Protein chains: 2
Amino acid sequence: MKRPQDVFANYLAEKNLKMTPQRRMILDTLLKQNDHLSSEDLYYHVKKRDKSIGQATVYRTLKLLTDSGLIDSLDFADGVTRYEMTYGTDHHDHLICEQCGKNIEILDSTIENRQEALAKEHGFTLLRHKMYLYGLCEKCRNKKI
Amino acid sequence: MKRPQDVFANYLAEKNLKMTPQRRMILDTLLKQNDHLSSEDLYYHVKKRDKSIGQATVYRTLKLLTDSGLIDSLDFADGVTRYEMTYGTDHHDHLICEQCGKNIEILDSTIENRQEALAKEHGFTLLRHKMYLYGLCEKCRNKKI
DNA sequence: ATCTAATTGAAATTCAAAAACAATGATCGG
DNA sequence: CCGATCATTGTTTTTGAATTTCAATTAGAT
């Protein structure tokens with residue numbers, strides 16, 4: 001298993017793009033944070049390390065990292081795009097509490113298999129999918145009564 | 001089965017909101033179009049019937065219709081929120097071609113059941129879910145070779 | 001009919017994301 | 001080493017969907 005840094009470097013080389021200190025640093029920061037970060041969040045952390053970095057660079061790098069397959073964008077339906085590492089980790093989906101925002105990562109092979117099968121039935125090659133389950137967690141459900 | 005118009009009227013009454021000609025007309029237009037419309041699309045159609053209608057009213061009404069459970073918002077990952085009627089129709093998810101935008105509605109009871117089960121396993125009450133399968137349709141896959 | 005709170009359209013505002021731009025930096029062949 | 005080329009940067013501006021503000025209007029209960 002190659003290091004994420006190397007995967008990124010390879011991706012850039014392949015596309016005739018360049019590895020820069022900024023890109024290196026942004027990936028590095030992301031690897032250390034690793035949560036469900038928004039671009040804004042990441043910008044904040046990156047800025048702590050290097051005051052001079054620009055917000056656009058963070059946006060641009062996140063797009064590159066997404067294209068390289070290292071990270072994936074998430075949509076929790078709150079108007080902000082978040083990102084998470086996907087390289088080297090098992091794929092998973094998300095179960096989100098609409099009340100408190102609690103977020104549980106879930107994985108179900110039955111569902112994954114059926115997704116593949118469904119796509120195939122319609123002549124599609126499945127590239128990726130997004131599945132979000134929205135509900136109320138135990139605590140919030142009880143509060144509501 | 002009540003008419004959508006009545007469902008909406010009831011919803012508004014329940015919330016102490018008012019039925020207005022604009023709201024009536026927007027719902028009516030939506031019922032006739034029925035596709036995967038964006039707010040912009042709908043605004044265009046509505047405007048043809050009544051020049052004087054404001055864009056904000058369309059946004060506002062779409063929100064109300066969503067809250068009333070008549071329609072649902074869709075995210076095809078192209079930056080525009082689309083809407084579709086869900087009242088009176090079976091729930092379904094979407095299989096989207098990333099190349100040409102072709103959009104197939106899918107339904108799989110195995111997946112639906114597992115979703116419920118997964119939520120329950122984590123103590124959640126499932127309210128709704130979104131599942132999008134992104135891939136390449138047969139035509140576009142062949143074109144790519 | 002009256003009254004009050006909801007609603008309207010127009011305009012202004014928000015906000016994340018993208019683009020424009022001039023300056024900087026890397027990489028290459030010669 | 002040099003200069004040409006092209007990607008990259010940070011700043012600033014722009015975009016575009018969506019929301020808010022506001023004064024004027026209107027629905028609908030009493």
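Which residue of chain A forms a salt bridge with B:E98, and how far apart are the closest N and O atoms? Select B:E98 and then A:R128: these two form the salt bridge, with 2.5 Å between the closest N and O atoms. Keep in mind throughout that this is a predicted model.

**Stop 1: the interface of chains A and B**

Widen the selection from that pair to the two chains. The count of salt bridges between chain A and chain B is four. For polar contacts, the rule finds 18 residue pairs across this interface, both residues being at pLDDT 80 or more.

To see which parts of chain A face chain B, colour these elements of chain A: β4 (93-97), β5 (103-106), α5 (109-121), β6 (125-136) and α6 (138-144). Each of them supplies at least two residues of the side that touches chain B. The largest contribution comes from β6(A), with twelve residues. Colour that side by residue class next, and 18 nonpolar, seven polar and nine charged residues appear.

Now show the contacts from both chains. On chain A 34 residues are involved, and they are in contact with 33 residues of chain B. The two chains bury about 3100 Å² between them, and 65% of this is on carbon and sulfur atoms. Pick out A:F124, A:R128 and A:Y134 as sticks: they supply 20% of the area that chain A buries against chain B, more than any other three residues. A:R128 is thus met again, as the partner of B:E98 in the salt bridge.

**Stop 2: the strand pair across the interface**

Hide the side chains and select residues 125-136 in chain B, which form strand β6 there, together with β6(A). The two strands run antiparallel and are joined by eleven bridges. To check the register, label A:L136 and look across to β6(B), where B:T125 stands opposite.

**Stop 3: the two domains of chain A**

Select residues 4-85 of chain A as domain 1 and residues 93-144 as domain 2, following the domain assignment. Their centres, taken over C-alpha atoms, are 25 Å apart.

What do the two domains bury between them? The area is about 530 Å², with 46% of it on carbon and sulfur atoms. On the domain 1 side, display A:H36, A:D75 and A:F76, which lose the most area to domain 2 and together account for 64% of what that side buries.

Seven residues of domain 1 are in contact with seven residues of domain 2. A search for salt bridges between these domains of chain A returns zero, while four residue pairs are in polar contact, both residues at pLDDT 80 or more. Strand β2 of chain A, residues 71-75, gives the most to the domain 1 side, with three residues. By class, the residues on that side divide into three nonpolar, two polar and two charged.

**Stop 4: a sheet in chain B**

Move to chain B and show its open sheet of three strands, ordered β1-β3-β2 with antiparallel pairing. The edges are held by β1 (37-38) and β2 (71-75) of chain B; each has a single partner strand, so one side of each is left without a neighbour in the sheet.

Finish on the pairing of β1(B) with strand β3 of chain B, residues 81-85, which is antiparallel over two bridges. Which residue of β3(B) does B:L37 stand opposite? Label B:Y83, which is the residue opposite B:L37.

Technical notes:
Residues are numbered from 1 along each chain as its sequence is written. Chains are lettered from A and ligands numbered from 1 in the order in which they are written. This is a predicted model: local features need pLDDT of at least 70, side-chain atom pairs count only at pLDDT 80 or more; totals for chains, interfaces and linings use all residues. Side-chain values use heavy atoms; hydrogens and water are left out. Contact means heavy atoms within 4.5 Å. Buried area is the accessible area (1.4 Å probe) that two parts lose on being put together, summed over both. A salt bridge is a side-chain nitrogen of Lys or Arg within 4 Å of a carboxyl oxygen of Asp or Glu. A polar contact is a pair of N or O atoms within 3.5 Å; within protein, one must be able to donate a hydrogen and the other to accept it, and residues adjacent in sequence count only if both atoms are side-chain atoms. Helices (H or I, at least four residues) and strands (E, at least two) are DSSP runs, numbered from the N terminus. Ala, Val, Leu, Ile, Met, Phe, Trp, Tyr, Cys and Pro count as nonpolar, Asp, Glu, Lys and Arg as charged, and the others, Gly among them, as polar. Two strands pair if DSSP finds at least two bridges between them. Domain bounds come from an automatic or database domain assignment.
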